[in-house]
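The following exercises concern a structure of two protein chains. Each task is followed by a solution that proceeds step by step.

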Amino acid sequence: MNYLGLVIIKDVKLALQGVSDTGMTFVFLLLACTLFQFSIGPDQALLMKVGGGVIWVVALLATILSLERLFITDFEDGTLEQYFLSPVSLVFFAIAKAISHWLTTGLLVIISAPLIAVLYNLPSEIFLPLVLSMFIGTPILSLIGTLGAALTLGASRSGVLMPLIILPLYVPVLIFGSLVIYNAMYGHSYNSLLMVLIGLLLITSALAPWATAYALRQAIE
Amino acid sequence: MQSLKIKNLECNRNGRTIFTGVSFDVTPGRILLLSGKNGSGKTSLLRILAGFMPPTTGSVVWEDKKFTDKRQRELPSVLYIGHSNPVKLGLTVKENLIFWAKIFGHGTGVDAALDQFGISNHSEVPASYLSEGQRRRLTLARLALDQPISALPSLWLLDEPTWGLDPEAVKTLSNLTIDHVKNQGMAIISTHGSILDKYLASSSDRYSLTENIF
């Protein structure tokens, strides 16, 4: 088995044990969506109008929620130092961490999205574009989030600092992800928007792991 | 003769000089026991040798190659055990050791390694059930794994490895270290005068950082 698979299996296994970040993320998703609904009121037309945006904002916040502890345990127990000394580049571990995060958080967000769409009375025609945009967008959130977690590793108040760093970087995903849903809802083409999201995913995949590895290297020092 | 040459190392942290003028050689087949008071820079020195941080001045070279250059494949491999135990509490004892064995390309011998450190009867229980001393044993069990086949000697950097260990485990550790250097390995161990020093006395050199403390 390759190194990437080893680290992903270990991290996913640890994440799924007991009352984990994954469980909390799911509860947070449902709570946040319900709270939005309470504050907006019973206006069905309004719920439909804001539904797409709410789903993306909640997805984004749920991603951040599970990021804070992404590297902390590995940092504190010396695992990161061992990764550094291993024959494998830290870039592989950065990629593995982003994939593990996506599997335990992003995938959960994707599965929950149609359920939330029903809560907001969104038409069934948007389910496919919603899931597609989430499928492309959530890995971007995980890759950028992994970088944010690495940059703030070892910093005091990292929980406050990290959202300040990564939230501005999430804005393009939020805009294009929400636009996909709106365009689908009003019968417009959304293919070009999905292409933009794919472009963002490719750029992030190419750059974020290297930057994350560099940040981890600095944290070890 | 091949040797790891540490030349005139200086380490500054947060504007404070931790140590300066540290020079010594480590040759395959030898153990270096590093001693010094708290704050004398034993951990910093080992971290510099592991490549975690650069020295302020000075060099660490192996046959004219910068020792901490990870791109250089013609360098001895480093096995570092620091103060903390990279043990995942949610994994079983055996899963923990298998994970590191695979990451570092060690051969088989996981069960034997656990047995050597007296924790084979806990191999299937989560590591969270272990005491601190047993977690230390699990961390050190990596030393007992079959080492990757290489023409180059490997360097063990052990930072106060006996912390939390009972005398029986210290004896196991000293036997493993002696076996390692008999196979032309190298070891640098920071200690505070534990019984490990006595076990290793005949096959080790000593270097004290106390004289360099600022």
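Helices, of at least four residues, and strands, of at least two, are DSSP runs numbered from the N terminus. On that basis chain B has six helices and nine strands. The model is predicted, and the predictor gives the complex an ipTM of 0.89 and a pTM of 0.88.

**Exercise 1. Overall form of the chains**

Task: Describe the secondary structure of chain A, and establish how the radius of gyration of each chain stands to the globule rule.

Solution.
Step 1. Chain A contains nine helices and zero strands.
Step 2. For the 221 residues of chain A the globule rule gives 17 Å, and the radius of gyration is 18 Å, close to that value, so chain A is as compact as a globular protein of that length.
Step 3. Chain B has six helices and nine strands. With 214 residues, chain B has a radius of gyration of 17 Å, close to the 17 Å of the globule rule, so chain B too is as compact as a globular protein of its length.
Step 4. Along the principal axes, the C-alpha atoms of chain A fill a box of roughly 55 × 35 × 35 Å, and those of chain B fill one of roughly 50 × 35 × 35 Å.

**Exercise 2. Burial and surface**

Task: State what share of each chain is buried, and what share of each exposed area carbon and sulfur atoms supply.

Solution.
Step 1. In chain A, 52% of the 221 residues count as buried; in chain B, buried residues make up 52% of the 214 residues.
Step 2. Chain A exposes about 9,800 Å², with 73% supplied by carbon and sulfur atoms. Chain B exposes about 9,500 Å², and there the carbon and sulfur share is 49%.
Step 3. Turning to contacts, among those in chain A between residues at least 6 apart in sequence, 81% join residues at least 24 apart. In chain B, residues 24 or more positions apart account for 72% of the contacts with a separation of 6 or more.

**Exercise 3. A sheet in chain B**

Task: Determine the strand order of the open sheet of four strands in chain B, and identify which strands stand at its edges.

Solution.
Step 1. The order is 2-1-4-5, with antiparallel pairing.
Step 2. Strand 2 (16–26) and strand 5 (65–66) of chain B each have a single partner strand and stand at the edges, so one side of each lacks a neighbour in the sheet.
Step 3. Strand 1 (residues 4–13) of chain B runs antiparallel to strand 2 of chain B, and seven bridges join them. Lys5(B) has Asp25(B), in strand 2 of chain B, as its bridge partner.
Step 4. Helix 1 (residues 42–50) of chain B lies across strand 1, strand 2 and strand 4 (57–62) of chain B, at about 60° to strand 2 of chain B.
Step 5. As to confidence within chain B, strand 5 of chain B is lowest, at a mean pLDDT of 76, and helix 4 (residues 132–140) of chain B is highest, at 93.

**Exercise 4. Two residues with positive phi**

Task: Locate Asn121(A) and Glu160(B), and decide whether each is buried, partly exposed or exposed.

Solution.
Step 1. Neither residue is a glycine, yet Asn121(A) has a positive phi of about 60° and Glu160(B) one of about 45°.
Step 2. Asn121(A) lies in the loop between helix 6 (90–119) and helix 7 (127–151) of chain A. Glu160(B) lies in the loop between strand 7 (155–159) and helix 5 (167–182) of chain B.
Step 3. Buried means under 20% relative accessible area, and exposed means over 50%. Asn121(A), at 35%, therefore counts as partly exposed, whereas Glu160(B), at 19%, counts as buried.

Definitions and conventions: Residues numbered from 1 in each chain as written. Chains lettered and ligands numbered in written order. Predicted model: local features only at pLDDT ≥ 70, side-chain atom pairs only at ≥ 80, totals over all residues. Heavy atoms only, no water. Buried < 20%, exposed > 50% of the residue type's maximum accessible area, 1.4 Å probe, protein only. Pairing = 2+ DSSP bridges. Contact = heavy atoms within 4.5 Å. Axes fitted to C-alpha atoms, helices over the stretch in contact; angles between N-to-C directions. pLDDT = per-residue confidence, 0-100. Rg over C-alpha atoms; globule rule 2.2 N^0.38 Å. Areas by Shrake-Rupley, 256 points an atom, 1.4 Å probe, with all protein chains shown as cover.
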